[in-house]
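Trainee: I am new to this structure and would like a close look at a single part of it. Could you pick one residue, walk me through its surroundings, and then link that to the rest of the chain?

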Amino acid sequence: MSIIARHPSKLNVLWSGSQDGQIRKWSLTSKKTTKKIQAHDGWVRRLAVSKTDKIVTVGVDKQIKLWEGDEFSDSPEIATIIGKSPFTSCDFTLVLVNDE
């Protein structure tokens, strides 16, 4: 395990990323993994979690990936962006739009 991120609104949920490219969702209540995803080819450098259970990950494989974090989702990968060099950081940003 090389990186840990907490869920912003669920205190009993953590996500971890590791050097083998896997990300895992953990239940602190049961002390068990509730979801495993082979996210990257190599080290997961960073991950971030949204309130709506979306996960963004970056790896040394030069990819940014967006995932569905719900453990009942059949196809967790939502999107992939391939870069020219490895990424080292990621975050979710809240954008508010005023319709007026």
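Mentor: Let's begin with H7, which is buried because its relative accessible area is 1%, under the 20% cut-off for that class. Keep in mind as you look that this is a predicted model. You will find H7 in the loop that links β1 (3–6) to β2 (13–17). Its side chain is joined to the side chain of D53 by a polar contact of 2.8 Å. If you set aside residues up to four places away in sequence, H7 touches V13, V49, S50, K51 and D53.

From here, let's step to another buried residue. T57 sits in strand β6, which covers residues 54–59. With a relative accessible area of 0%, T57 is buried too. Two polar contacts start from the side chain of T57: one reaches the side chain of H40 at 2.7 Å, and the other reaches the side chain of W67 at 3.0 Å. The neighbourhood of T57, apart from residues within four places in sequence, also takes in I23, A39, V44, R46, L47, Q63, I64 and K65, among others.

Now for a residue with some surface showing. R45 belongs to strand β5, residues 44–49. Its relative accessibility is 23%, so R45 counts as partly exposed. Beyond four places in sequence, R45 touches I3, V58, G59, V60, F87 and T88. Try finding S2 as well: R45 and S2 are 43 residues apart along the chain, yet their C-alpha atoms are separated by 7.6 Å.

Two lysines in loops are worth a visit for their backbone. K31 lies in the loop between β3 (22–27) and β4 (32–38), and has a positive phi of about 60° although it is not a glycine. K31 is exposed, as its relative accessible area is 71%. K62 is found in the loop between β6 and β7 (63–68). Its phi is positive as well, at about 70°, and K62 is not a glycine either. With a relative accessibility of 34%, K62 counts as partly exposed.

With those places in mind, let's step back to the chain. It has eight strands and zero helices, so the pattern read along the sequence is β-β-β-β-β-β-β-β. Buried residues, such as H7 and T57, make up 37% of the 100 residues. Among contacts between residues at least 6 apart in sequence, 36% join residues at least 24 apart.

As for overall dimensions, the C-alpha atoms fill a box of roughly 45 × 40 × 25 Å along the principal axes. The radius of gyration is 14 Å, which agrees with the value near 13 Å for a compact globule of 100 residues. On the outside, the accessible surface comes to about 6500 Å², and carbon and sulfur atoms account for 53% of it. Finally, the chain carries 15 positive and 12 negative charges, and the mean positions of these two sets are 8 Å apart.

Notes. Residues numbered from 1 in each chain as written. Predicted model: local features only at pLDDT ≥ 70, side-chain atom pairs only at ≥ 80, totals over all residues. Heavy atoms only, no water. Helix = DSSP H or I, 4+ residues; strand = E, 2+ residues; numbered from the N terminus. Rg over C-alpha atoms; globule rule 2.2 N^0.38 Å. Buried < 20%, exposed > 50% of the residue type's maximum accessible area, 1.4 Å probe, protein only. Contact = heavy atoms within 4.5 Å. Areas by Shrake-Rupley, 256 points an atom, 1.4 Å probe, with all protein chains shown as cover. Lys, Arg positive; Asp, Glu negative; His and termini not counted. Charge placed at Lys NZ, Arg CZ, Asp CG, Glu CD. Polar contact = N/O pair within 3.5 Å; in protein donor to acceptor, adjacent residues only side chain to side chain.
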